[in-house]
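Trainee: Could you take me through one part of this model closely, the nonpolar core and the strands around it? I would love one connected account rather than a list.

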Amino acid sequence: MIRPVLLALFALLAITPAANAHRIKTKTLQIDHPWTGDMAEAKPPFDIVVQMVIRNTGKAADVLTGASSPHAERIELVHAATGPQKAVEIKAGARVELSTKSVYLRVFGFNKLIDTYDYFPMTLNFKRAGAVKIEVMVEDVAIDLPKLIN
Ligand SMILES: [Cu+2]
């Protein structure tokens with residue numbers, strides 16, 4: 001016999017928005033919706049761009065120093081206007097958006113076609129929080145690869 005309480009719980013689970021599921025939390029960081037564009041018919045290896053929002057919920061500044069993925073030759077922080085960048089500081093309480101409008105993660109030599117709405121693994125490296133594993137979603141939109149400066 002299924003009790004009404006259980007039924008109510010199932011109903012709640014069913015309406016939980018998908019966006020809430022795509023948040024990675026550590027003690028001091030909250031990473032929302034890391035994503036890349038539709039890979040369409042790209043032929044591996046190819047370059048992609050990864051965007052996300054990082055919030056520092058801790059009491060001390062942290063610094064994103066790099067990233068890696070088993071599917072990537074290498075990943076670099078790149079500023080759309082000024083080129084390669086060593087790190088991105090996220091002050092205590094601050095929110096930083098990694099996007100092609102400013103600083104973004106540029107993935108070189110991605111070696112696998114991932115279907116739209118699927119995910120691939122990436123590790124972000126922070127000075128304080130250390131290695132943080134995330135899953136990057138392949139969205140149903142195209143991202144133009146910004147021209148590389150330098
Ligand atoms: Cu997401």
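**A close look at the core and its strands**

Mentor: Happy to. Of the chain's 150 residues, 24% count as buried. Keep in mind that this is a predicted model. The chain has two helices and eleven strands, and the order from the N terminus is α-α-β-β-β-β-β-β-β-β-β-β-β. Among contacts with a separation of 6 or more, 71% are between residues 24 or more positions apart.

Now to the core itself. The largest nonpolar core holds 27 residues, and those with the most contacts inside it are Val 50, Tyr 104, Leu 105, Val 107 and Met 122. Two or more residues come from each of β3 (46-56), β4 (62-68), β5 (74-79), β7 (88-90), β9 (103-110), β10 (119-126) and β11 (130-138).

Met 122 is a good place to stop and look around. Setting aside neighbours within four places in sequence, Met 122 is in contact with Pro 34, Val 50, Ala 67, Ser 69, Ile 134 and Val 136. One of these partners, Val 50, is also listed with Met 122 among the residues with the most contacts inside the core.

From there, follow the chain into the hairpin. β10 and β11 form a hairpin with three residues between them, and eight bridges join these two antiparallel strands. To find the register on screen, look for Phe 120, which stands opposite Val 136 in β11. Val 136 is the residue you have just met as a contact of Met 122.

β11 has another partner as well. It pairs with β2 in the parallel sense, over two bridges. Here the marker is Trp 35, which stands opposite Met 137 in β11.

Ile 24 brings an early stretch of the chain to this region. This residue is found in strand β1 (residues 23-25), and its contacts beyond four places in sequence are Ile 31, Val 132 and Ile 134. Take Val 132: it is 108 residues from Ile 24 in sequence, yet the two C-alpha atoms are 8.7 Å apart. Ile 134 is worth a second glance, as it is in contact with Ile 24 and also with Met 122. Is Ile 24 buried, exposed or partly exposed? Ile 24 has 17 other C-beta atoms within 10 Å, so it is partly exposed; the cut-off for buried is 20 or more.

Finally, let us turn to the loops, where some backbone details deserve your attention. As background, most residues other than glycine have a negative phi, and most peptide bonds are trans. The loop between β2 (29-36) and β3 contains Pro 45, and the peptide bond from Pro 44 to Pro 45 is cis, with omega near -5°. Ala 40 is found in the loop between β2 and β3 too. Although not a glycine, Ala 40 has a positive phi of about 45°. Ala 40 counts as exposed because it has 8 C-beta neighbours inside 10 Å.

Tyr 117 offers a second case, in the loop between β9 and β10. Its phi is positive, about 80°, and again the residue is not a glycine. With 11 other C-beta atoms within 10 Å, Tyr 117 is exposed. Moving on along the chain from that loop takes you into β10, and so back to the hairpin of β10 and β11.

Definitions and conventions:
Residues are numbered from 1 along each chain as its sequence is written. This is a predicted model: local features need pLDDT of at least 70, side-chain atom pairs count only at pLDDT 80 or more; totals for chains, interfaces and linings use all residues. A nonpolar core is a set of buried Ala, Val, Leu, Ile, Met, Phe, Trp, Tyr and Cys residues joined through C-beta atoms within 7 Å. A residue is buried if 20 or more other C-beta atoms lie within 10 Å of its own, exposed if 12 or fewer, and partly exposed in between; C-beta atoms are placed from the backbone. Helices (H or I, at least four residues) and strands (E, at least two) are DSSP runs, numbered from the N terminus. Two residues are in contact if their C-beta atoms, placed from the backbone, lie within 7 Å. Two strands pair if DSSP finds at least two bridges between them.
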